[in-house]
Amino acid sequence: MPALTDRAWSPYLAGALLGLLQIPAFLLIGTALGASSSFVTVSATLAAWVDPAIQQIDYAAKHLSGAKNWWQVALVVGIALGAFLSSRLSGARRAGIAPVWERALGTKSPATRFLLAFLGGFLMLAGARIADGCTSGHGLSGMAQLAVGSFVAIAATFAGGIAMAHLLRRV
Amino acid sequence: MSVLSAVLLGLAMGVVFGFLLEKSRVFEPAVILGQLQLRNFLMLKIFLSGVAAGLVVIGALVATGLSGLHPKATLWTADIVGGLILGAGIALAGACPGTTLAQVGVGYKDARFTLAGGLLGALTFTYLEPTLRPVLLEGGAGKLTLDKVLGIPFPWLAFGFAALLVVGLVALERWRPWREEIGANADGLLPPPESTAPAVPTAASGRA
């Protein structure tokens, strides 16, 4: 029986429970699980303080207000809280940089890692917004709805990810 | 639903989401990078289990008429180009957009830079969207789903595909038991490849 204080649950159990989160998303919010459009809502909201003209861009305007947009922002904030809670319950706390990066990058330099993380984040969200979804919206949700575009997007995501990962050192 | 109740519901669902991402270990950079280097298959196990469960519940919601589908439009070029860039970003970040927040939550410092880069990436796209729209984001096949392509009712196809995924996952587990992929520190980091293949460098250099 999995306990809240376990460090790891079976990936099949945890994965299946993730899939069940579609029920409240579909029935109460009228949408599927997703994460990446919240980055537009938050960044456009912040940008609107210095550049109110951003609200004239339809795409920004569509993401700035409304229950679904702020539901997703709350969802990703909740992800941080839930992960924090789980790691405190199990004692699997993390700090600094994961040891895998020294192997993958061949250096302990935090500056190198921070720069690559920033670049990775930039590409990740630029790509997700071009494709209109990420591993949650296209992956978990799109594939579970048998959406043709989501199968294409996820195949491309794995192709791009596998190619880039092989440019790094083997972990 | 009011924005406030949507936010409260989002927070509650997010806490469960984040809890499961942490318990499954899929938020660990070594799990994600290990998957993309085809060395650790935990991510695929979690991902396909999530899709399989999603297929079953969404199939049931559609079969009972409780809900319709909310698929994204098919935009061939955007899906391929965006997907490739997204994948490259995931490899460098060792995270995807959702798991970035889980990494921030547990205390990984570099994830804060991933988050900042992600916000800037999303903002950059927002400013470029009017320019990109005619090139990448128009046309396409609309909200196309496989059940319509094949002419099979959604629930049947969803249940059938879920069953296929379960068979695939059983095979995956036999090939790579998940307990052997968690790693000593539950971060998905496996012993270095060198230790499993000793003395290879000399053999390789001898041949060269």
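Buried area is the accessible area (1.4 Å probe) that two parts lose on being put together, summed over both. Keep that in mind for this tour of a predicted model.

**Stop 1: the chain A and chain B interface**

Select both chains. Together they bury about 11,000 Å², with 76% of that area on carbon and sulfur atoms. On chain A, pick out A:Tyr12, A:Arg94 and A:Leu146. These lose the most area to chain B, together 8% of what the chain A side buries. Now show every residue in contact: 127 come from chain A and 124 from chain B.

**Stop 2: polar links between the chains**

Two salt bridges join chain A and chain B. Zoom in on one of them, B:Asp110 with A:Arg113, where the closest N and O atoms are 2.7 Å apart. Then widen the view to polar contacts, which number 35 residue pairs across this interface. Next, colour helix α5 (residues 67-90) of chain A. Helix α5 gives the most to the side that touches chain B, with 20 residues. Colour that whole side by class: 85 residues are nonpolar, 30 polar and twelve charged.

**Stop 3: inside chain B**

Hide chain A. Select 25-70 + 152-183 as domain 1 of chain B, and 72-144 as domain 2. Their C-alpha centres lie 22 Å apart. Eight residues of domain 1 are in contact with eleven of domain 2. The two domains bury about 710 Å² between them, 73% of it on carbon and sulfur atoms. Show B:Phe27, B:Pro29 and B:Ile32, which supply 60% of the area domain 1 buries against domain 2. Look for salt bridges between these domains and the count is zero. Polar contacts there amount to two residue pairs.

Notes
Residues are numbered from 1 along each chain as its sequence is written. Chains are lettered from A and ligands numbered from 1 in the order in which they are written. This is a predicted model: local features need pLDDT of at least 70, side-chain atom pairs count only at pLDDT 80 or more; totals for chains, interfaces and linings use all residues. Side-chain values use heavy atoms; hydrogens and water are left out. Domain bounds come from an automatic or database domain assignment. Contact means heavy atoms within 4.5 Å. A salt bridge is a side-chain nitrogen of Lys or Arg within 4 Å of a carboxyl oxygen of Asp or Glu. A polar contact is a pair of N or O atoms within 3.5 Å; within protein, one must be able to donate a hydrogen and the other to accept it, and residues adjacent in sequence count only if both atoms are side-chain atoms. Helices (H or I, at least four residues) and strands (E, at least two) are DSSP runs, numbered from the N terminus. Ala, Val, Leu, Ile, Met, Phe, Trp, Tyr, Cys and Pro count as nonpolar, Asp, Glu, Lys and Arg as charged, and the others, Gly among them, as polar.
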